Amino acid sequence: MKTSWRSASLAAGAVAVLALTTACGQDGGGTQPASQNVGATAAAGGYGGTGIGNSGAGADAGAGTGAKEEQNAAAGSAPAGKLGVSVNAELGNVLTDADGRTLYRFDKDTADPAKSNCDGDCATAWPPVPADDASAGAGIDKKLLGEVTRADGTKQLTVDGWPAYRYAKDVNAGDTKGQGVGGTWYALAPDGKKAALADLPGLSTRKDPKLGEIVVDKNGMTVYRFMKDEAWPEPVSNCTGACLENWPVVAPVAADDTKGVQKKGLMSFTRPDGTKQQTVNCWPIYTFSGDNAPGDTNGQGVGGTWYAVAPDGKPIGAPEKE
């Protein structure tokens, strides 16, 4: 039977907390419940833009721009054709159009009743999939396919009520660069739900082909350390203000909601603004807004100060300082 990492008892969590109460720089730390990223930012409008014609870091930092993306944005309204299902190593079964392009759903939409809340610039970054010519391929229940009339009168494809979109930055079949953008955009599974391979714990590890074993959050996003932070005698984050727009802090994670991560020094601390932040081996941890999908490591080595985190909390690939 598959066990959910979030089904562990509160009593077990309390015991783990008591066992990790010594100060940082010694042999332990405490934890706080809950697990999610805080401070993550999207592009203007809250929908996550394509980055076309823009520069600098943000929700799509490091993704790049180019003529191919502009062509993709313009071609995003092409007929979907026969929908298919592709298998993604990070997301499991993903719904695609006839050309193999990933289809997405938007958390700010509604499915019952079906309604799209992505218009204007949002619809340029995330072209709605036309309902015309869309049909169910193998592995797709045609009863789940429908349509919704948009504000401009056009018909948009829905999957179990959820309006479907493409992402202009997905320039090749199989791309999933829109996954998790702004914390509101997710690849569609064939049943209309968010594509997901497994129920990940708050913190776990995965094998990266270049970096080895690295820590990831509950969404499978790579976790990073900032070399200007401090861990002893207590955690101190020196990423503030605009820095947090690009490097959202990881919120507290319960000790029993982790897998493969060293328990020693696994604790949270309170930032000056009152926000609580998780640590691994007492070092503050973050995600990178330029990582658009699970498996991305675009933050590795940025500025010579940001590095992926090993299960023991050490920065992978950083100059030896500890």
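**Burial, pairing and salt bridges in a predicted model**

The protein chain in this predicted model exposes about 14600 Å², of which carbon and sulfur atoms supply 52%. The chain has four helices and 19 strands. Of its 322 residues, 49% count as buried, and residues 24 or more positions apart account for 68% of the contacts with a separation of 6 or more.

Q: Why is Gln 278 called buried?
A: Buried means under 20% relative accessible area. Gln 278 has 0% relative accessibility, so this residue counts as buried.

Q: What makes the side chain of Gln 278 a partner in polar contacts with the backbone of Val 253 and Met 267?
A: The cut-off for a pair of N or O atoms is 3.5 Å. A polar atom of the Gln 278 side chain lies 2.9 Å from the backbone nitrogen of Val 253, and a polar atom of this side chain lies 3.2 Å from the backbone oxygen of Met 267. Both Val 253 and Met 267 are also among the residues in contact with Gln 278 when its neighbours within four places in sequence are left aside, as are Leu 203, Trp 283 and Ile 285.

Q: Why are E16 and E17 called paired strands?
A: Pairing requires at least two bridges between two strands. E16 and strand E17 (residues 276-280) have three bridges, in the antiparallel sense, and therefore pair by this criterion. Gln 278, found in strand E17, is the bridge partner of Ser 268.

Q: What makes E16 and E18 edge strands?
A: The open sheet has three strands in the order E16-E17-E18, with antiparallel pairing. Strand E16 (268-270) and strand E18 (283-284) each pair on one side only.

Q: Which residues touch the most other members of the largest nonpolar core?
A: This core has 15 residues, and those touching the most other members are Tyr 104, Cys 118, Trp 126, Tyr 165, Trp 185, Ala 187 and Ala 195. Strand E4 (104-106), helix H3 (121-125) and strand E11 (185-187) are the elements that give two or more residues to the core. A second, separate core of eleven residues includes Leu 83, Leu 95, Ile 140 and Leu 157.

Q: Why is the pair of Asp 119 and Arg 150 called a salt bridge?
A: The rule asks for a side-chain nitrogen of Lys or Arg within 4 Å of a carboxyl oxygen of Asp or Glu. The closest N and O atoms of Asp 119 and Arg 150 are 3.0 Å apart, so the pair qualifies. Asp 119 lies in the loop between strand E6 (114-115) and H3, and Arg 150 in the loop between strand E8 (145-149) and strand E9 (155-159), so the pair ties together parts that are 31 residues apart in sequence.

Q: How do you know that Asp 119 and Arg 150 fall into the partly exposed and buried classes, respectively?
A: The partly exposed class lies between the limits of 20% and 50%. Asp 119, with a relative accessible area of 39%, is therefore partly exposed, whereas Arg 150, at 9%, counts as buried.

Q: What makes Glu 147 and Lys 155 a salt bridge?
A: Their side chains meet at 4.0 Å, N to O, and the rule accepts a separation within 4 Å. Glu 147 has a relative accessible area of 47% and is partly exposed; Lys 155, with 38%, is also partly exposed.

Q: Are the salt-bridge partners Arg 206 and Asp 208 buried or exposed?
A: The side chains of Arg 206 and Asp 208 meet in a salt bridge at 3.2 Å, N to O. Arg 206 has a relative accessible area of 12% and is therefore buried, and Asp 208, with 6%, is buried as well. By this rule the count comes to five salt bridges.

Definitions and conventions. Residues numbered from 1 in each chain as written. Predicted model: local features only at pLDDT ≥ 70, side-chain atom pairs only at ≥ 80, totals over all residues. Heavy atoms only, no water. Core = buried A, V, L, I, M, F, W, Y, C linked by side-chain atoms within 4.5 Å. Buried < 20%, exposed > 50% of the residue type's maximum accessible area, 1.4 Å probe, protein only. Polar contact = N/O pair within 3.5 Å; in protein donor to acceptor, adjacent residues only side chain to side chain. Contact = heavy atoms within 4.5 Å. Areas by Shrake-Rupley, 256 points an atom, 1.4 Å probe, with all protein chains shown as cover.
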